[in-house]
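Here are some short exercises to work through with the model open beside you. Try each task before you read its solution.

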Amino acid sequence: MPRTYSRRAGSTPRRHAPAKPADATAAKTRKKKSDEKEELAANASEVVEDAEKKVDAEVTASASEKKDAPEKKEKPAEKEPKEKAKEKAKGKHAKEKSEKTEKIEHKTRVIAVVNHKGGVGKTTCTMDIGAGLRRYGKTVLFIDADPQGSLSLGLGIDTKGKNTLYELLKGKCRPEKAIMKTKSGVDIIAADIMLQAAEGELSNEPGRDYLLSEVVDKVKDKYDYILIDCPPALGMLTLNALVAATEALIVVKPEFYSIQGIKQLEETFNVVRKRLNKNLKVAGIVINMYDARRKQKNKEAIDAIQEMFDEHIFASSIRNTAAVAVSPSEHEDIFAYSAKEASDFDALVKEIIDMEGK
Ligand SMILES: Nc1ncnc2c1ncn2[C@@H]1O[C@H](COP(=O)(O)OP(=O)(O)OP(=O)(O)O)[C@@H](O)[C@H]1O
Ligand SMILES: [Mg+2]
């Protein structure tokens, strides 16, 4: 489009020095030329200014266009990789999650069967829960952590000349050299009265509370479950078991004297969690030797336990039966001794398995 150029507003004509009379015509001509030049320069600068304004306007327009248009045009292109990245991340996360879940599923549950009160059925429960888990295809290791050696005796293990938990805690042999087989297919690290000596002999050992945990760490990959039968005391052996354990399982008899010590157990767990094993959980409380003829008394005791101890009580109680009492003397677990009498333990084992990964 043709443009009309005019003098810029506000531009003032230049003043020149007065010309000499002899050169008046020449001077007039020079002045005319100079005025023309000046006008051209002014017009030129106006053109430049206009052009600059135009460029500015275009840049601004293009910038604002870029603001809008690229969002319309480029966003999908940008979105795609973003979404792909998101999906990739999701996939990665899901994979990690499934790997984690698998890890939890394959994580060995190390269960310390405890109660410092004697004769409540810790050894009986250890033996029959282990056998039940084995029947459900789980790989199981028993650790007899009681110098009475009741679990080893009940399973018919002869410890004479064999490596036991004592040798392991003293560092005298490797764990695999102390693992023995039982009839039910459960492995065992046995114990006998020698274990009593370990408490005294290891009392000044640095890190003595971690000795069993070190043994467990070396063998746990081979097992789904490791069950530790604890002695009726809260000494070094029970502490070692609680440090090595992922869970504690409390066995109680539903009677007044049996439940009095439970508060002390809870305090022990708290100390262990604070100083030695922060991940220790309580799997739950097993009511053993439930007497169906004393329903009301049993119920009162169970209510009292629940009030005193804010932990899970397994729904499956173990009834007081002759079969459960006699089977160890035959070196048999309840499943092998009397399938008919094994229903309580079967139900309890199912509950324990149902907790896997939780
Ligand atoms: N459900 C049951 N029915 C009948 N008898 C049982 C039952 N549970 C355990 N007993 C018997 O009670 C006695 C004590 O059981 P067990 O040895 O398992 O207890 P414990 O808590 O391991 O004892 P300790 O504290 O001395 O190690 C044993 O004679 C055992 O056979
Ligand atoms: Mg016992």
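**Exercise 1: the ligand shell**

By class, the residues around ligand 1 comprise ten polar, six nonpolar and two charged ones. Keep in mind that this is a predicted model.

Task: Find which residues are closest to ligand 1 and which element gives the most to its shell.

Solution: Start with the whole shell, which has 18 residues, the closest being G118, T123, T124, P232 and A325. Next, look for elements that give two or more residues: these are α2 (122-135), β7 (281-290) and α11 (322-326). Finally, pick the top contributor: α2, with three residues.

**Exercise 2: the sheet**

Task: Trace the strand order of the sheet, then place helix α7 on it.

Solution: The open sheet has eight strands with mixed pairing, in the order β3-β4-β2-β5-β1-β6-β7-β8. Its edges are β3 (179-181) and β8 (318-319), each paired on one side only. Now zoom in on β1 (residues 109-114) and β5 (residues 225-229), which run parallel and are joined by five bridges. Within this pair, V110 stands opposite I226 in β5. Helix α7 (residues 236-244) packs on the sheet and touches β1, β5 and β6 (247-252), its direction making about 150° with that of β1.

**Exercise 3: the core**

Task: Work out which residues of the largest nonpolar core touch the most other members.

Solution: That core has 74 residues, and I111, A112, V113, I228 and A241 touch the most other members. Among the elements, α7 gives the most to this core, with seven residues. Take A112 as a sample: beyond its neighbours within four places in sequence, A112 contacts I228, C230, A241, L242, A245 and A248.

Methods:
Residues are numbered from 1 along each chain as its sequence is written. Chains are lettered from A and ligands numbered from 1 in the order in which they are written. This is a predicted model: local features need pLDDT of at least 70, side-chain atom pairs count only at pLDDT 80 or more; totals for chains, interfaces and linings use all residues. Two strands pair if DSSP finds at least two bridges between them. Helices (H or I, at least four residues) and strands (E, at least two) are DSSP runs, numbered from the N terminus. Two residues are in contact if their C-beta atoms, placed from the backbone, lie within 7 Å. Axes are lines fitted to C-alpha atoms, for helices over the stretch in contact, and angles run from 0 to 180 degrees between N-to-C directions. A residue is near a molecule or strand if its C-beta atom, placed from the backbone, lies within 6 Å of it. Ala, Val, Leu, Ile, Met, Phe, Trp, Tyr, Cys and Pro count as nonpolar, Asp, Glu, Lys and Arg as charged, and the others, Gly among them, as polar. A nonpolar core is a set of buried Ala, Val, Leu, Ile, Met, Phe, Trp, Tyr and Cys residues joined through C-beta atoms within 7 Å. A residue is buried if 20 or more other C-beta atoms lie within 10 Å of its own, exposed if 12 or fewer, and partly exposed in between; C-beta atoms are placed from the backbone.
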